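Subject: Structure handover

Hello,

Here is the structure you will be working with. Please open it and keep it beside this email as you read.

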Amino acid sequence: MSLLVVGSLAFDDLETPFGSSKNTLGGSATYIALAASFFIDEIHMVGVVGEDFGEDNLNLFRERNIDLGGVKVVPNGKTFRWAGRYHYDMNTRDTIETQLNVLADFDAVIPHQYQQAKYVCLGNIDPVLQKKVLSQVSRPKLVVCDTMNFWIEGKPKELQETLQLVDVFIINDSEARLLAKEPNLIKCARLIREMGPKTLIIKKGEHGALLFTDNGVFSAPAYPLEFIYDPTGAGDTFAGGFTGYLAKVGEINEMTLRKAVLYGSTMASFCVERFGAERLFELSPLEITDRYQSFLELSRIEE
Ligand code: AMP
């Protein structure tokens, strides 16, 4: 099964209570594609970088079999940059700076050969571009979409239009409250599902994730890690693991959606163990299987 990933490729400056890291490879498409590459081997990435991104960074994707035919390198351009700072509890972060750079003129043209992709994962970029992507692909089996407060606050109308075309929407708890203008998460879920996506996932950081479908709600725990180094990219990594797993099994039903949430959580739990995407580059399939099993054990009881 082929997966089309569209999103940002970035250099991030990150600060957590445990240290800092500058010019770290990041961006929504980066984390999504890397996480999904552990599940499927046909991933097409569409995005934009500046010349400063460098061949070395592009090769990191190629080494994981991620096709970069849709990644445009803008001559003399500067790659998108984001700087964020996490606080003591790591659940809250401040955006220090967003420099759109080449992302400001990104026009999200999907090369002809990717327009038949069966799975589409829209990383966090301008909702206008997310909608434009969907207008170019023909009948995907599943469209998964992520966003963040930057767009919920900046382009609320445009985001609503995109949401009408999305099957699975992934959002964190504070973003859900912001979007639905409602403090109660269960009410938020109802209101957001009324905006379009039949399936909604609300991530609650170290408190796990909730999956809302027509069948009700499923609650997945977060992996109890003693040491969280840097939460950046956890949400995108979740989306990549989630979509990658569904593309691998090729079937979408209540049970595969639930398993996909656990695989997404598994991948996110690795991501936060090191700065940026570092951990995803040294991850083995066996570690994923083991941690997935631990996830199952976390809330298993015998009656
Ligand atoms: P996450 O921690 O999963 O929300 O994702 C963090 C990643 O999102 C970072 O690597 C950033 O480069 C990227 N990012 C932050 N702000 C934006 C934005 N406005 N548009 C696109 N990507 C962004």
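Below are the basics, then the ligand site, then the two sheets.

**Basics**

This is a predicted model: local features need pLDDT of at least 70, side-chain atom pairs count only at pLDDT 80 or more, and totals for chains, interfaces and linings use all residues. Residues are numbered from 1 along each chain as its sequence is written, and side-chain values use heavy atoms, leaving out hydrogens and water.

**The ligand site**

Start with the ligand. It has 18 residues around it, where a residue counts as near if one of its heavy atoms lies within 4 Å. Ser8, Asp12, Gly27, Gly233 and Asp236 come nearest.

Three side chains place an N or O atom beside a polar atom of the ligand. For Ser8, a ligand nitrogen is 2.8 Å away. For Asp12, a ligand oxygen is 2.4 Å away. For Asp236, a ligand oxygen is 2.7 Å away. These are polar contacts (pairs of N or O atoms within 3.5 Å).

Taken alone, the ligand exposes 510 Å², and the protein buries 95% of that. Accessible areas come from the Shrake-Rupley method with a 1.4 Å probe.

Which elements give two or more residues to the shell around the ligand? They are β2 (10–16), β6 (80–86), α4 (149–154) and α8 (234–249). Helices (H or I, at least four residues) and strands (E, at least two) are DSSP runs, numbered from the N terminus. The largest share, three residues, comes from α8.

The shell divides into eight nonpolar, seven polar and three charged residues. Here Ala, Val, Leu, Ile, Met, Phe, Trp, Tyr, Cys and Pro are nonpolar, Asp, Glu, Lys and Arg are charged, and the others, Gly among them, are polar.

**The nine-stranded sheet**

Strands of a sheet pair through backbone hydrogen bonds, either parallel or antiparallel. Two strands count as paired if DSSP finds at least two bridges between them.

Nine strands form an open sheet with mixed pairing, in the order β5-β4-β1-β8-β9-β10-β11-β12-β13. β5 (66–74) and β13 (216–220) stand at the edges; each has a single partner strand, so one side of each lacks a neighbour in the sheet.

β1 (residues 3–6) runs parallel to β4 (residues 43–50), joined by four bridges. Leu4 has His44 as its bridge partner in β4.

**The four-stranded sheet**

The other open sheet has the order β3-β2-β6-β7, again with mixed pairing. Its edges are β3 (19–26) and β7 (93–99), each with a single partner strand, so one side of each is left without a neighbour in the sheet.

β2 and β6 pair in the parallel sense over six bridges. Phe11 has Arg81 as its bridge partner in β6.

Best wishes

Conventions
Polar contact = N/O pair within 3.5 Å; in protein donor to acceptor, adjacent residues only side chain to side chain.
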